[in-house]
Amino acid sequence: MYDAIVIGAGAAGLMAAAEAARAGRSVLLLEKMEKAGRKIRITGKGRCNLTNARPAEEFIDHVRANAYFFNVAFSEFNNRATIRFFERLGVKLDIERGERVFPHSGKAWDIANALTEYCEEHGVEIMYHTRVTEILTLGGRVYGVKYINRRGFERKEECENVIVATGGVSYPSTGSTGDGYTFADAMGHTIEPVRPALTPLRTSHPQREYLNGLLLKNVGAKLYVDNELRQEEFGELGFSERGIEGAVALRMSRDAVDALIDQRRASDLLRVSRAAVDALIDQKRVKLVLDLKPALDADTLRERIRREMADMQPEEFFAELLRKLVPKNLVVPLAKEVDFHSKSYISKLTDTEIERLIKILKGMVFPITDYAPFEYAVVTAGGVSCDEVNRYTMESVKVKGLYFAGEVLDIDADTGGYNLQVAFSTGRLAGQLKK
Ligand SMILES: Cc1cc2nc3c(=O)[nH]c(=O)nc-3n(C[C@H](O)[C@H](O)[C@H](O)COP(=O)(O)OP(=O)(O)OC[C@H]3O[C@@H](n4cnc5c(N)ncnc54)[C@H](O)[C@@H]3O)c2cc1C
């Protein structure tokens, strides 16, 4: 009989299995996909931003749910420990802008492979194409799991310790399909409502179609909910058919999604029709306001526009003036917002229109009406309630021998390497199988 069974060979499961095996325990790691760390391999656009090198106190501020709970696992195995861990495994690391840590090779699979090999070296037995279907319990104790093996047969394996590291429900093609929530729920655990976090935001802006493919490198962004400023960010933001994305939009999506859900819930309680709900949401209650010229204040921007106009011929088009100020995908939308045709002569531009242009450049409003589904969400917010898990051990307070690690828990964090660190820290602690 194994000392521990780990369900899921993602960042948390691999770390948990390795830690248990390192302490001399016999470990079986069950993974339903064909290889380990499918999700790790696509993280950080294929480069894997494995942690963030900020000081510990600042790091914790980036954990958006249950930071207090996570702090124990983090203080046992923090970002410095993660960096040392991978460097000892021979993975050279670089620290980039924003303290984000990446493998020097630029290849995410170096992290997935290093972790998998580390497990194998310590004798972890890994079974791929093996989907756990049930966790077996008796009298408030775990006694094993049922799974479907690679040949499609149901099997049972008895064990007194089971670590659930099945991840959330985002990017389900990587294997994270929420099975852990089903197991936990069946054993009496509360599942906090799951919703996409770090997900592209959808806007009802009438010119959104023109913006697909636009990438703004340095943009100032403010998120408003019911006209109250909720968050302010600076950095990269892009538009695609998935919605408004890029680090800035993703960081804001956590609060924007919650605000949209709250609005829908409130409207449902009031029993207003779906059309009324949509109309309500469309009243720009959640909005993203972009400063397209964050380096220039309004006066400097006015001078710049006047200078550009002085250098142009009177019969040049408004589009050409805009082209000097913004990327080309923004030309038509901006002209429409200013309400001055892009093919009109700049000599016709009035002072009022110039002021309107300045106002829009310094605060273009995008009403946020929806968000992209789990298929495009970097992480899942919600999950197994941390109130029912011992934060010093990661063991369930309801079922003995049952442990949780990683995204399956109700912990999510900002983009920047924080989420993988959550998986590594909680995995490491769970793998110690402390009682
Ligand atoms: C596109 C993308 C980019 C990201 N980039 C970053 C980044 O750069 N930095 C960062 O910090 N975070 C990033 N994240 C988030 C981060 O990858 C996750 O938070 C983290 O990988 C979660 O690890 P986990 O081990 O908890 O879950 P997962 O990685 O989801 O692993 C769960 C594993 O369990 C397996 N499994 C599920 N159910 C069963 C079952 N019934 N039986 C057997 N096996 C099962 C799954 O196949 C999977 O392998 C990114 C996420 C995505 C989607």
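Let's start with a pair of residues that face each other: Arg202 stands opposite Asp370 in β17. Arg202 belongs to a meeting of two strands, β12 (residues 201-203) and β17 (residues 364-371), which pair in the antiparallel sense over three bridges. Two strands count as paired here if DSSP finds at least two bridges between them. The strands themselves (E, at least two residues) and the helices (H or I, at least four residues) are DSSP runs, numbered from the N terminus.

Before going further, keep in mind that this is a predicted model: local features need pLDDT of at least 70, side-chain atom pairs count only at pLDDT 80 or more, and totals for chains, interfaces and linings use all residues. Residue numbers run from 1 along each chain as its sequence is written.

Now stay with β17 for a moment. It also pairs with strand β16 (residues 286-291), in the antiparallel sense and over four bridges. If you look for Val289, you'll find that its bridge partner in β17 is Val365. From β16 you can step on to β13, since six bridges join β13 to β16 and the two run antiparallel. There, Ala221 stands opposite Leu290 in β16.

What does β13 pair with over nine bridges? The partner is strand β14 (residues 228-240), and β13 (residues 215-225) meets β14 in the antiparallel sense. One of the bridges ties Leu215 to Gly238 in β14. The hairpin of β13 and β14 has two residues between the strands, and Asp226 there takes a positive phi near 50°.

Time to zoom out. The protein chain is divided into domain 1 (4-194 + 379-431) and domain 2 (200-372), with bounds that come from an automatic or database domain assignment. Taken over C-alpha atoms, the centres of domain 1 and domain 2 are separated by 38 Å. Where the domains touch, four residues of domain 1 are in contact with four residues of domain 2; contact means that the C-beta atoms of two residues, placed from the backbone, lie within 7 Å. On the domain 1 side, the touching residues divide into one nonpolar, one polar and two charged. In this scheme Ala, Val, Leu, Ile, Met, Phe, Trp, Tyr, Cys and Pro count as nonpolar, Asp, Glu, Lys and Arg as charged, and the others, Gly among them, as polar.

Next, look at an open sheet of five strands, ordered β6-β2-β1-β10-β19, with parallel pairing. β6 (125-127) and β19 (402-404) stand at the edges with a single partner strand each, so one side of each is left without a neighbour in the sheet. From one strand to the next, the twist averages 20°. Within this sheet, four bridges join the parallel strands β1 (residues 4-7) and β2 (residues 27-30), and the bridge partner of Ala4 in β2 is Val27.

There's also an open sheet of three strands, in the order β3-β5-β4, and its pairing is antiparallel. Its edges are β3 (51-52) and β4 (93-96), each with a single partner strand, so one side of each is left without a neighbour in the sheet. β3 and β5 (residues 100-103) pair over two bridges, and Thr51 has Val101 in β5 as its bridge partner.

Helices get their turn now. The axes of α4 (residues 67-76) and α15 (residues 418-431) come within 8 Å and cross at roughly 80°. Axes are lines fitted to C-alpha atoms, for helices over the stretch in contact, and angles run from 0 to 180 degrees between N-to-C directions. That crossing makes α4 roughly perpendicular to α15, a label used for angles of 65 to 115 degrees. From α4 come Phe70, Ala73, Phe74 and Glu76, and from α15 come Val422, Ser425, Thr426, Arg428 and Leu429. Together these contact residues divide into five nonpolar, two polar and two charged.

Finally, which helix gives the most to the shell around the ligand? That is α15, with four residues. α1 (11-22), α2 (43-46), β7 (131-138) and α15 each supply at least two residues of this shell. In total, 38 residues surround the ligand, and the closest are Gly8, Gly10, Gly167, Gly175 and Gly406; a residue counts as near if its C-beta atom, placed from the backbone, lies within 6 Å. The shell divides into 17 nonpolar, 14 polar and seven charged residues.

How values were computed: Angles under 35 degrees count as roughly parallel, over 145 as roughly antiparallel, 65 to 115 as roughly perpendicular and the rest as oblique.
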